[in-house]
Amino acid sequence: MKIFIDSANLDEIRKAANIGILDGCTTNPTLILKEGKDYKKTLKEICGIVKGHVSAETVSLNAEGMVKEGKEFAKIAKNIVIKVPMTPEGMKACRILTKSGIKVNTTLVFSANQALLAAKAGSYLVSPFIGRLDDIGEKGTELIREIRQVYDNYGFKSLILAASIRNTEHVKEVAMLGADIATMPFKVYEELFNHKLTDAGIKKFLDDWNKLQKELKKK
Ligand code: G3P
């Protein structure tokens, strides 16, 4: 499973890229608002750091506007993928952009039927929002299981990008359910590395190493 960071914060993106386990990045207007910077400029900077796909979200509500925005974003860098919403207009735009050779990420997917439509429209990435389903009392990760089955039944090539991930348990579950990609906030990314037994193990090895040095000095 590929690991993407869901962020428009350049420091966070750089930190993850420096570790070397980073396959791509997703952004949206909310994340850009948090940074308070120009969207296109930020995308260009992100594309300079991240080698994998970087998703840029359109904000028009009609297909014509989405295609226009998408074509502009696509000029920024080769690794840009255009995000369109799961609406009839979004799917119209998806078909047009895909036909013109621009990859599309269909976002705001909350049901297997929507994911089926997104695949039929030619989406390269399909983004089910896990956390937001949990927020309304559903089990978000179930949606990953359903979409995986639908795509495997018919051999759809669209990649399942599990989004709206809120914790490390979500990451584990979507990995077990066969998501192709998980995009997550930097905080969750950092937490993936942690385990209390790893910390305790390092401490014990270091303590024993220091004890050994003292004993050797005595000899
Ligand atoms: O990738 C989509 C993500 O940014 C939405 O996450 O936590 O706002 O539901 P959240």
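**Ser164, the ligand shell and a few other residues**

Trainee: Ser164 first: buried or exposed?
Mentor: Buried, because its relative accessible area is 12% and the cut-off for buried is under 20%. Keep in mind that this is a predicted model.

Trainee: Where is Ser164 in the fold?
Mentor: Ser164 is in a loop, with strand E7 (159-162) on one side and helix H9 (168-176) on the other.

Trainee: What about the phi of Ser164?
Mentor: The phi of Ser164 is positive, near 55 degrees, and the residue is not a glycine. Most residues other than glycine have a negative phi.

Trainee: Which other non-glycine residue has a positive phi?
Mentor: Leu108 has one, at about 60 degrees. Leu108 belongs to strand E5, which covers residues 104-109.

Trainee: And why does Leu108 count as partly exposed?
Mentor: Its relative accessibility is 33%, and partly exposed is the range between the 20% and 50% cut-offs.

Trainee: Back to Ser164. How far is its side chain from the ligand?
Mentor: An N or O atom of the Ser164 side chain lies 2.7 Å from a ligand oxygen. Asp6 also has a side-chain N or O atom by a ligand oxygen, at 2.5 Å. For Asn28 the corresponding distance is 3.0 Å.

Trainee: How much of the ligand does the protein bury?
Mentor: The protein buries 81% of the 310 Å² that the ligand exposes when taken alone.

Trainee: Which residues surround it?
Mentor: Asp6, Asn28 and Ser164 are in the shell, along with Phe129, Arg132, Ala163, Arg166 and Thr183.

Trainee: How does that shell split by class?
Mentor: Two of the residues around the ligand are nonpolar, three are polar and three are charged.

Trainee: And which pocket holds the ligand?
Mentor: The largest pocket.

Trainee: Changing topic. How many helices and strands does the protein have?
Mentor: Eleven helices and eight strands. The chain has 219 residues, and 46% of them count as buried.

Trainee: What does the C-alpha trace span?
Mentor: About 80 × 40 × 30 Å along the principal axes of the protein.

Trainee: Which residue pairs give a feel for those distances?
Mentor: Take Leu143 and Leu212: they are 69 residues apart in sequence, and their C-alpha atoms are 53 Å apart. Ala63 and Glu190 are 127 residues apart along the chain, with 37 Å between their C-alpha atoms.

Trainee: Where does Leu143 sit, and is it buried or exposed?
Mentor: Leu143 is in helix H8, residues 140-154. Leu143 is buried because its relative accessibility is 4%.

Trainee: Then the place of Ala63: what is it?
Mentor: Helix H4, residues 63-74. Ala63 is also buried, with a relative accessible area of 5%.

Trainee: One more. Glu57 is charged, so why does it count as buried?
Mentor: The call rests on relative accessibility, which for Glu57 is 12%; anything under 20% counts as buried.

Trainee: What does the Glu57 side chain join up with?
Mentor: Its side chain makes a polar contact of 3.5 Å with the side chain of Lys83.

Trainee: And which strand is Glu57 in?
Mentor: Glu57 is in strand E3, residues 53-57.

Technical notes:
Residues numbered from 1 in each chain as written. Predicted model: local features only at pLDDT ≥ 70, side-chain atom pairs only at ≥ 80, totals over all residues. Heavy atoms only, no water. Near = heavy atom within 4 Å. Polar contact = N/O pair within 3.5 Å; in protein donor to acceptor, adjacent residues only side chain to side chain. Areas by Shrake-Rupley, 256 points an atom, 1.4 Å probe, with all protein chains shown as cover. 1 Å grid on protein atoms, 1.4 Å probe; cavity = no way out; pocket = protein on both sides within 12 Å on 5 of 7 lines; lining within 4 Å. Sits in = over half its atoms within 2 Å of the grid points. Nonpolar A, V, L, I, M, F, W, Y, C, P; charged D, E, K, R; others polar. Helix = DSSP H or I, 4+ residues; strand = E, 2+ residues; numbered from the N terminus. Buried < 20%, exposed > 50% of the residue type's maximum accessible area, 1.4 Å probe, protein only.
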